[in-house]
Each structure stands twice: as C-alpha cells, then as structure tokens.
Amino acid sequence: MTPAHHHSAEFRAAARHVGRRRFLTVTGAAAALAFAAGLPASGTASAAELDAKKLAQDPFTLGVASGDPMPGSVLLWTRLAPRPYEPGSGMPKARVQVRWELAHDARFTRVARRGNTTAHPEFDHSVHVDVTGLDADRVYYYRFRAGPWISPTGRTRTAPRPGARISGLKLAAVSCQAYHDGYFTAYRHLADEDLDVVFHLGDYLYEYAVNAVGGARNYTDRRLPAHFNRETVTLEDYRLRYALYRSDADLAAAHAAHPFVVTWDDHETENNYAGDTPENDVPPEEFLLRRAAAYRAYWENQPLRRPQQPQGPDMRLYRRLRFGRLAQFDILDTRQYRSDQAYGDGWQKPGPESEDPARTMTGAAQERWLLDGWKASDALWNVVPQQVTFARRRDVPRPDFRLSMDAWDGYPASRERILDGAEAAGIDNLVVLTGDVHVGYAFDLKKDFDDPASRTVGTEFVATSIASGKDGADKPANWDNLTKANPHLKFYNGRRGYVTVALTTEQARADFRTVSAVTTPGAPVTTAASFVTEVGNPGLRPA
C-alpha cells in the first residue's frame with residue numbers, strides 16, 4: 001500500500017484532529033473529514049475564474065453522461081480534462097464557466113432548457129447539472145460548451161410520471177470493468193441497444209495497477225504513464241484512474257447513448273472491504289482516509305445528484321427510482337454498512353459465525369428503508385439493483401459444500417429478513433439484479449433453498465463482467481459442480497458482456513448478451529440465452 005503520508009495535506013490534517021478511539025467509528029471519521037473534502041469556497045476565498053476562451057485544448061476528452069432519470073428531471077455530467085492522464089488533467093486551479101443545453105432533437109433546433117454552471121477545481125472540474133422542469137417519459141439530447149469547445153452530444157430520457165400505466169421498459173445491467181483485463185467491447189454494443197436505462201452494479205473502476213501497455217489490452221500504439229502502474233490510494237490516484245477509464249471510447253459511447261444508474265461494489269475503493277474494515281491490516285483511520293478519497297472521486301466522476309455527495313468517508317448511495325406503475329427500483333449499497341466477512345472471507349463452510357442473526361449486509365437503516373419502501377410500493381415489478389450474489393450458491397453437490405462469505409450466503413439472516421419483508425409487503429414480482437462474479441447467472445429465488453420443490457419467490461439475474469476475467473469461457477471449469485449443486489440455477493455462462501431485461505405488464509424477459517473476446521478489440525455480440533418469468537408466477541423458463 002502507498003505510504004500514508006501520500007494522502008493530501010487536507011485529509012491528513014483532518015485525521016490529526018481526531019483521536020484514534022473516535023476514528024474507530026465511521027461517524028467519528030465523517031465528522032472529522034467532512035471539512036477536509038475541499039468544498040468550493042465563496043466570496044473572496046473562492047478560486048480565481050479562468051476565461052474559458054483561453055482553453056487551448058479540447059476539455060471534453062472524457063465525454064458526457066446522464067443519470068438517475070426522474071419524471072421531471074435528469075442529471076447531466078461532464079468533467080473538463082484537456083490532458084486527462086496528467087495530475088490536474090491539464091486544468092489550472094481556477095473556476096470555469098460551462099454552458100449546457102438540453103433539446104428535443106439531436107440537432108438542437110428545439111432547445112428545451114439551457115443554462116450555465118461552474119466547474120470547480122475543488123471537484124476536479126467535474127460538472128453535475130440537475131435539469132428540472134422537464135416533460136415526463138421523454139427522450140432528450142444534451143451537450144456542454146466551454147469557451148470555443150463543444151462536447152459530444154448525449155442522449156437521455158426522463159422517467160414516466162408517478163402513477164403512469166406504461167406498457168413496458170427495457171433496462172441493461174452491467175458490472176466489473178477491469179481496464180487491464182481487456183477492451184470494453186461490450187459497451188460499444190450496449191450503446192447500440194434500444195434501452196431506457198442502464199444499471200451499473202459495481203466495480204466501475206479497479207484499484208489495481210495498470211502497466212504501460214494497458215495489461216491484457218497489450219497496446220502497441222501508445223504507452224500509458226507510469227503513475228497508472230500502482231495501486232490507487234490517494235484522491236489524486238483515484239481521479240487519475242477515473243480519467244483512464246473514462247477516456248475509453250466504448251465506455252464513453254455507452255454513457256452518451258443511455259442514462260446510467262450507478263452503485264458501487266468493492267474495487268472502487270479496495271477489494272472486499274467491509275464497512276470500515278479494510279482488506280489489509282492497516283490502522284482504521286488510514287483506511288477511512290482512503291475510503292474518503294475513493295468516495296470523493298466516485299461522486300466527482302459519476303452522474304449523481306447532490307444528495308449523494310459524500311461527507312468524508314460517508315456517502316448515501318442507496319436510493320429509489322420509479323418508472324410509473326410498472327417498476328420501482330431500490331438501488332442498494334451492500335459494501336459500506338456490512339458486517340465483516342465471516343471466517344476470514346473466501347469460500348468457507350457455513351457455521352455459527354456466518355449464521356449469526358446479528359450480521360447484516362445492508363446495515364439496519366438501509367434494511368428498514370428497503371422494507372418500508374416495499375410496503376408503500378404500488379409498482380407491478382419491484383427490482384433491486386445490487387452487488388453480490390443473492391441466491392444460495394453451493395460450490396459442490398456434496399455435504400461438504402462451501403459458500404462465498406462475501407456474497408449474501410455469508411449473511412443468510414440478512415437475506416432471510418429481506419425475503420420475509422418482501423413477502424410481508426405483498427411483493428409478488430421481485431427481481432434482483434447482481435454483478436460482482438464475472439459470470440452470467442439466472443436464479444430462481446426460493447422460499448427454502450434446501451428444498452428444490454419449495455415456492456419460488458423471485459428471480460435473480462446476474463450480469464457478467466464487461467472485461468474483468470479476460471475472455472472467459474461459455475462453460476467455466478466449475479460449471480458441472482455449480483449447476484448440479486444448485487437446482488435453482490437455471491443458467492451459467494462465463495463470457496464477458498451484459499444482460500438486458502424487458503419488463504412488461506405480463507412478463508420479464510432477460511437476454512444474456514456475450515462477446516467472444518475482450519483481449520482483442522471488435523468482437524461481435526451474441527445472445528447466449530433468454531429467459532422469461534411471468535407476472536404473478538415467479539420462476540424462470542427459456543424464452
């Protein structure tokens with residue numbers, strides 16, 4: 001790990017104001033670090049302003065994005081970075097005025113809204129514009145201007161109005177895009193799909209080093225700077241790594257084509273961290289400094305609204321979106337509030353430690369929020385975009401099976417409370433969307449996973465990775481064991497890609513879209529399998 005003194009002076013000063021005992025709680029760290037987040041000052045203390053006309057290079061190298069569509073609003077994002085692979089991205093420590101436009105057409109002949117916003121150096125010149133007063137259930141086009149430069153055009157949409165009875169919507173779920181494991185070819189195909197919204201289920205960024213040739217990409221036409229060839233720990237590290245990822249043309253195309261709804265998993269900060277417990281044996285205050293840096297860079301580089309802006313190492317990412325009466329989306333954060341993994345993490349035999357009823361995947365507040373939201377829901381489909389495998393997943397079809405302690409199998413009491421809450425709320429059409437594992441799965445969720453004949457209470461679609469795991473295989477080495485050990489597992493494929501889910505008033509249809517390779521660019525996309533589950537009759541069958 002990078003030495004602690006490499007954290008910014010502001011972050012380290014905040015840490016010194018807090019005693020070690022107080023730092024052992026996340027809330028104590030939040031209080032200490034909130035002021036150190038470098039918020040833009042006002043009045044005479046504010047940063048100087050740069051005349052945007054003096055920008056000598058295109059500042060829109062990282063593209064544009066939109067996110068979290070609501071009935072009358074959508075969030076627009078960009079970040080000014082003329083030289084994105086340099087610390088500071090080639091921008092001075094000065095404010096810059098950025099103009100934005102949102103129109104009914106891609107040629108901007110019918111502009112619906114326009115305005116000005118400020119790109120602050122404290123936020124790494126990222127821009128988050130919450131455009132309000134829009135028509136519900138409409139497609140819009142948007143762009144930004146800074147001085148003489150015009151950004152690429154993005155396409156977005158608003159959600160249907162509350163109570164609207166819509167006949168269908170189509171979403172995609174994506175996850176796990178290790179830059180060093182291959183090209184983001186799947187995103188190029190995703191950009192061409194006819195979708196209403198994309199859910200990113202975590203591992204948007206990896207903390208691991210990326211060498212000069214981009215790892216498995218094996219570049220021959222470029223050399224990446226040496227500062228990418230180390231693990232991310234500091235705010236500057238994370239900001240630079242987002243610049244590397246967002247400079248990818250395929251990822252930029254997907255963001256420009258569709259609104260994204262994002263949530264994180266572990267690698268945006270550190271592999272398999274749990275709450276305020278790091279993977280490695282470092283002091284808690286050091287990890288919380290790292291977490292604060294990671295969360296700050298995440299917000300800066302994603303299309304998220306102001307309520308999601310972090311306070312030190314705390315960030316309220318779980319939230320709820322609705323698409324009329326058809327679907328409610330409860331986006332979870334299963335990383336920030338969880339109990340530490342049982343039995344030292346990994347695949348272990350379950351026992352008293354993992355089955356302790358006090359263990360939680362979501363934390364008590366988020367669990368209450370989810371169950372209360374279901375009680376109030378009038379949606380036909382209740383969809384839960386989240387991170388780690390929800391269904392039970394035994395590794396072998398024998399009594400000596402093991403379970404993943406990082407997945408919901410390591411938190412079975414927490415899972416049982418969630419499923420009991422869904423039943424108590426009368427949630428008849430439950431769909432869980434999952435990432436993390438670099439494979440595609442389709443599961444029936446069972447009332448009792450020990451009894452294959454027990455009632456099916458929902459469906460889980462697991463999106464494979466965009467690049468993580470390199471090319472993969474249609475049948476991974478453990479395919480026979482996993483399919484035999486888990487009769488509720490209806491599909492298992494280890495190629496890269498994504499899953500699309502079309503929701504209607506009659507059924508949900510999932511198409512598992514895969515590419516044959518990511519270590520070489522340009523692979524075609526195919527549909528590996530398709531499944532449907534009917535309204536009021538949960539249970540997967542081939543389409």
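Leu 235, Asp 237, Tyr 238, Arg 239, Leu 240, Arg 241, Tyr 242, Ala 243, Leu 244, Tyr 245 and Arg 246 are the buried residues of helix α5. The model is a predicted one, and the values here are computed from it. Helix α5 covers residues 235-246, and eleven of its twelve residues are buried, so that the helix counts as mostly covered. Its first and last C-alpha atoms lie 16 Å apart, close to the 16 Å expected at 1.5 Å a residue. The buried residues of α5 pack against two strands, β2 (64-70) and β3 (73-79), and against the helices α6 and α7.

Helix α7, one of these partners, runs over residues 284-300. From end to end its C-alpha atoms reach 24 Å, close to the 24 Å expected for its 17 residues at 1.5 Å a residue. Burial in α7 takes in 17 of its 17 residues.

The other helical partner of α5, helix α6 (residues 249-257), also packs with helix α4 (residues 185-192). Two packed helices are described by the angle between their axes and the distance between the axes. For α4 and α6, the axes come within 7 Å and cross at roughly 25°. Angles under 35 degrees count as roughly parallel, and α4 and α6 are therefore roughly parallel to each other. The crossing of α4 past α6 is left-handed. On the α4 side the contact is formed by Thr 185, Tyr 187, Arg 188, Leu 190 and Ala 191, which meet Ala 249, Asp 250, Leu 251, Ala 253, Ala 254 and Ala 257 of α6. By class, these residues are eight nonpolar, one polar and two charged.

A second helix pair is found further along the chain. α8 (364-376) is among the elements against which the buried residues of α9 pack. The axes of α8 and α9 are 9 Å apart, at an angle of about 20°. The two helices are therefore roughly parallel to each other, and α8 passes α9 in a right-handed crossing. Glu 367, Leu 370, Leu 371 and Trp 374 of α8 make the contact with Ser 414, Arg 417, Ile 418, Gly 421 and Ala 422 of α9. Five of the residues in this contact are nonpolar, two are polar and two are charged.

Helix α9 itself comprises the 13 residues 412-424. At 1.5 Å a residue it should span 18 Å, and its end C-alpha atoms are 18 Å apart, which agrees. Its buried residues are Ala 413, Ser 414, Arg 415, Ile 418, Leu 419, Gly 421 and Ala 422. Besides α8, they pack against the strands β18 (430-434), β19 (440-446) and β20 (456-462). Gly 426, just after α9, takes a positive phi of about 75°.

Two loop residues remain to be described. Asn 272 sits in the loop between β12 (260-262) and α7. Its relative accessible area is 18%, and since buried means under 20%, Asn 272 is buried. Leaving aside residues up to four places away in sequence, Asn 272 touches Asp 266, Arg 335, Gln 341, Asp 345 and Asp 406. Gly 351 lies in the loop between β15 (347-348) and α8. With 9% relative accessibility, Gly 351 counts as buried. Gly 351 and Asp 130 are 221 residues apart along the chain, and 47 Å separates their C-alpha atoms.

Note on methods: Residues are numbered from 1 along each chain as its sequence is written. This is a predicted model: local features need pLDDT of at least 70, side-chain atom pairs count only at pLDDT 80 or more; totals for chains, interfaces and linings use all residues. Side-chain values use heavy atoms; hydrogens and water are left out. Helices (H or I, at least four residues) and strands (E, at least two) are DSSP runs, numbered from the N terminus. The expected span of a helix is 1.5 Å times one less than its number of residues. Buried means under 20% relative accessible area, exposed over 50%, partly exposed in between (1.4 Å probe, protein chains only). Contact means heavy atoms within 4.5 Å. Axes are lines fitted to C-alpha atoms, for helices over the stretch in contact, and angles run from 0 to 180 degrees between N-to-C directions. Angles under 35 degrees count as roughly parallel, over 145 as roughly antiparallel, 65 to 115 as roughly perpendicular and the rest as oblique. A crossing is left-handed if the near helix is turned anticlockwise from the far one by less than a right angle, and right-handed if clockwise. Ala, Val, Leu, Ile, Met, Phe, Trp, Tyr, Cys and Pro count as nonpolar, Asp, Glu, Lys and Arg as charged, and the others, Gly among them, as polar.
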